[in-house]
Amino acid sequence: MSELSESVHLEKRGEVALVIVDNPPVNALSHHVRQGILDGIDAAVADDEVKAIVLTCRGRTFIAGADISEFGKPPQGPPLPQVQAAMENSPKPVVAGIHGTALGGGFEVAMCAHYRVAVGSARFGFPEVKLGLLPGAGGTQRLPRVVGAAKALKMVTSGDPIGADEALADGLIDEIVVDHEAGAVAFAERAVAEGLPLKRLRDLEDKVTADRANPGQFDEFRASIARKTRGFIAPEYNIQCIEAAVDLDFDAGIAREQELFRELVTGTQSAAQRYYFFAEREAAKVPDVPRDTPQLDIQTCGVLGAGTMGGGIAMNFANVGIPVTIVERDQASLDHGLSVIRKNYERSAARGSLPADQVEKRMALITPSLDRGDFAQSDIVIEAVFEELELKRSVFADLDSICKQDALLATNTSALDVNVIAASTARPESVIGMHFFSPANVMKLLEVVRGDKTSDQIIATTMALAKRINKIAVLVGVCHGFVGNRMLFMRGIEADRMILEGATPAQVDRVIYDFGFPMGPFAMSDLAGLDIGWKEETSTSSTVRELMCESGRRGQKNGRGYYTYDPETRVATPDPEVEQMIRDFGVGKGIEQREVTDAEVLDRCLLPMVNEGAKILDEGIAIRASDIDVVWINGYGWPVYTGGPMFWADTLGVDAVVDKIESYHADLGGDHWAPAALWSKVRDSGTPLHTVTSGT
Ligand code: 3HC
Ligand code: NAI
């Protein structure tokens with residue numbers, strides 16, 4: 001055995017040389033890995049005793065891609081194409097032995113072997129698009145030569161991996177083996193014994209020749225993904241590369257791929273998406289809770305309340321095989337809650353996103369009950385009753401008397417004080433907030449709210465549990481609205497103000513939609529229901545919202561809100577009557593009517609949020625600026641290609657952002673415009689905002 005670099009070594013087994021990568025955690029293609037593979041191939045080719053070469057990896061996976069942390073830094077070591085050329089042009093057969101995930105650059109390297117074998121659990125894909133990139137080491141040119149343009153388009157624009165069976169059927173791998181290393185060695189020996197040809201994927205022509213006869217497929221494909229990829233640059237560039245594979249010869253196609261890759265990798269969208277990749281992983285880490293903190297063993301779950309949130313929360317647990325007891329206050333509410341859950345599952349099965357037999361299997365994991373006593377043995381109980389503090393306090397006092405001593409007690413409150421709720425029990429250390437987002441079975445975000453007394457064990461258990469139920473958890477502290485809703489309130493204040501000055505709800509919504517959000521604040525209010533928290537008896541026509549409710553406008557649910565909704569299609573149309581009502585209200589308040597520009601709408605919606613984010617950091621409510629971005633991207637649809645509010649502020653320049661905040665504060669007033677204390681620290685230190693941690 002000889003060391004080729006800090007992460008690659010060479011072993012000889014008979015006539016086969018093994019180039020073995022060992023670069024934990026995911027064998028990313030760091031510069032020393034590229035150097036090691038290159039040296040290993042060169043050494044094996046030069047060694048007369050060696051007749052074939054195997055490339056394989058130690059640890060949990062084959063090469064999972066380029067080392068993302070190297071992008072944007074000065075290049076070191078040999079470029080990847082040089083490594084690939086050494087493999088592809090080797091006069092001795094090169095076999096890749098694959099386990100785990102062969103992703104991105106890792107898959108591109110494997111594609112330069114003459115043969116590929118993999119274990120049955122291996123997965124293959126091009127996730128670059130999720131980083132705002134495209135496969136930049138020949139993937140867009142070799143892939144369609146094997147699978148054809150249609151499948152290649154799907155793989156590179158979705159970024160989703162395929163399994164070994166599918167890869168074998170597509171010809172992307174040559175054999176499924178039991179052990180990636182032994183299987184690859186056996187295949188290499190056979191290649192020598194049988195004199196198998198040195199197959200180069202770049203030389204395959206039949207698939208791209210056939211695709212040349214169907215040029216219309218590219219625009220059809222563009223149209224099919226347009227809605228999902230709105231605002232993103234990378235999907236279109238990926239398509240252009242596959243087009244190039246069909247239209248140009250291999251080398252010209254590679255040149256096009258490299259040109260487009262360079263443009264993406266130096267652009268803001270990819271920088272934002274790469275930042276997000278690490279931000280999401282960072283959010284899982286809690287600095288003051290040691291990684292080895294013992295966790296509770298969660299095998300069963302209780303949910304109190306089967307309304308909008310309780311039902312969705314229960315589904316999350318059933319979806320991963322954890323039995324749930326769901327308790328309601330009366331039979332009608334319980335029946336309704338269960339019927340909504342069933343309908344959700346049935347709809348997924350009808351769409352094909354859930355195997356039909358899973359509907360009954362998952363329903364069978366959910367036990368309905370009217371008796372909270374049934375929570376006695378639950379490992380975790382999540383409360384999702386109405387948002388009323390006294391109700392929640394009495395519920396928690398009751399849970400305290402029912403639940404076993406080592407149960408985890410969670411509240412799904414969206415804004416109430418978790419410390420006050422926890423204080424209604426004799427075990428506040430066991431109480432935590434689990435703030436799911438609606439629809440709770442769909443939205444990825446979970447704000448985990450740590451109370452003053454919540455124990456490390458409860459925090460560690462909740463963060464791990466979140467991962468188990470496929471949520472992206474962000475740990476936050478107690479304040480009104482936590483991180484997400486607290487910032488949302490600020491946007492709401494300015495949106496409400498601007499429509500009284502002359503902007504229309506449709507204009508505000510359009511600006512926010514064009515920025516990349518799925519919808520604007522007024523469309524969102526219509527969707528949630530305008531009458532949340534509204535009571536006819538106490539309504540005094542003192543806000544636009546009260547006026548709307550008083551005139552029978554409840555939002556989408558009754559087809560009339562800030563917009564009118566087509567009863568069939570639910571398409572929203574701006575309502576002149578509502579616009580007039582808002583104008584009259586503004587004039588009645590003595591507010592001068594004027595044209596509000598789109599640029600002002602954007603500033604006034606988003607900058608108070610950034611300012612609030614800075615205050616949240618000042619107060620230690622979020623651990624890091626990047627956690628705030630993770631919240632907004634996963635909970636509210638902030639476009640990931642701008643990186644989230646804090647990263648976005650950096651792209652504008654913190655100085656420019658703060659100048660505007662100060663200027664709006666002077667012009668408009670309001671606490672939400674008062675500049676955060678953090679600004680002077682960030683300005684003085686020159687630290688990028690998105691890298692700030694609380695307490696900085
Ligand atoms: N580069 C650098 N670090 C990486 C990395 C990469 N490609 N992939 C993962 N990591 C790091 C993570 O940041 C994390 O670090 P941490 O422990 O310090 O937080 C650690 O590896 C483990 O990652 P995960 O927590 O994500 O581990 P999982 O087991 O859940 O998932 C995985 C493993 C499926 C490989 C997942 O990490 C993944 O999807 N990685 C990214 C793969 C990717 O995007 N590859 C393409 C890169 S771009 C490219 O190849 C360009 C080329 O075309 C030229
Ligand atoms: P909902 O009104 O749809 O459901 C509440 C359910 O709790 C009802 O079915 C009701 O019958 C039941 N309930 C009330 N008192 C009960 C009791 N004493 N025992 C058993 N069941 C009882 O309300 P929703 O929207 O599900 O909200 C629940 C909680 O989740 C609230 O705290 C809310 O703030 C929070 N939340 C709501 C979100 C949303 O978008 N709807 C988002 C995130 C959190």
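# Ligand shells and helix packing

Me: How far is an oxygen atom of ligand 1 from a polar backbone atom of Gly136?
Reply: This is a predicted model where local features need pLDDT of at least 70, side-chain atom pairs count only at pLDDT 80 or more, and totals for chains, interfaces and linings use all residues. Residues are numbered from 1 along each chain and ligands from 1, with chains lettered from A, as written, while side-chain values use heavy atoms, without hydrogens and water. Gly136 offers a polar backbone atom to an oxygen atom of ligand 1 (a polar contact is an N or O pair within 3.5 Å), and the distance is 3.0 Å.

Me: How much of the accessible area of ligand 1 does the protein cover?
Reply: On its own, ligand 1 has 990 Å² of accessible area (Shrake-Rupley, 1.4 Å probe). The share covered by the protein is 75%.

Me: Which element gives the largest share of the shell around ligand 1?
Reply: The ligand has 25 residues around it (heavy atom within 4 Å), with Arg60, Glu108, Glu128, Arg281 and Lys285 coming nearest. At least two shell residues each come from strand 6 (101–103), helix 3 (105–110) and helix 12 (268–283) (DSSP runs of at least four residues for helices, two for strands). The largest share, three residues, belongs to helix 12.

Me: How many residues of the shell around ligand 1 are nonpolar?
Reply: Five residues of that shell are polar and six are charged (Asp, Glu, Lys and Arg are charged; Ala, Val, Leu, Ile, Met, Phe, Trp, Tyr, Cys and Pro nonpolar; the others polar). The nonpolar residues number 14.

Me: Which residue has a side-chain N or O atom 2.4 Å from an oxygen atom of ligand 2?
Reply: Ligand 2 is surrounded by 21 residues, the closest being Met309, Glu328, Glu387, Lys392 and Ser414. Arg329 brings a side-chain N or O atom to 2.8 Å from a ligand oxygen, and a polar backbone atom of Thr308 sits 2.9 Å from one. The side chain at 2.4 Å is that of Glu328.

Me: Is helix 4 oblique or roughly parallel to helix 5?
Reply: Helix 4 (139–147) and helix 5 (149–158) pack with axes (lines fitted to C-alpha atoms; angles run 0 to 180 degrees) 7 Å apart, at about 135°. Under 35 degrees is roughly parallel, over 145 roughly antiparallel, 65 to 115 roughly perpendicular and the rest oblique. Therefore helix 4 is, relative to helix 5, oblique.

Me: Is helix 5 roughly parallel or oblique to helix 9?
Reply: The axes of helix 5 and helix 9 (216–225) come within 11 Å and cross at roughly 30°. That makes the pair roughly parallel.

Key. A polar contact is a pair of N or O atoms within 3.5 Å; within protein, one must be able to donate a hydrogen and the other to accept it, and residues adjacent in sequence count only if both atoms are side-chain atoms.
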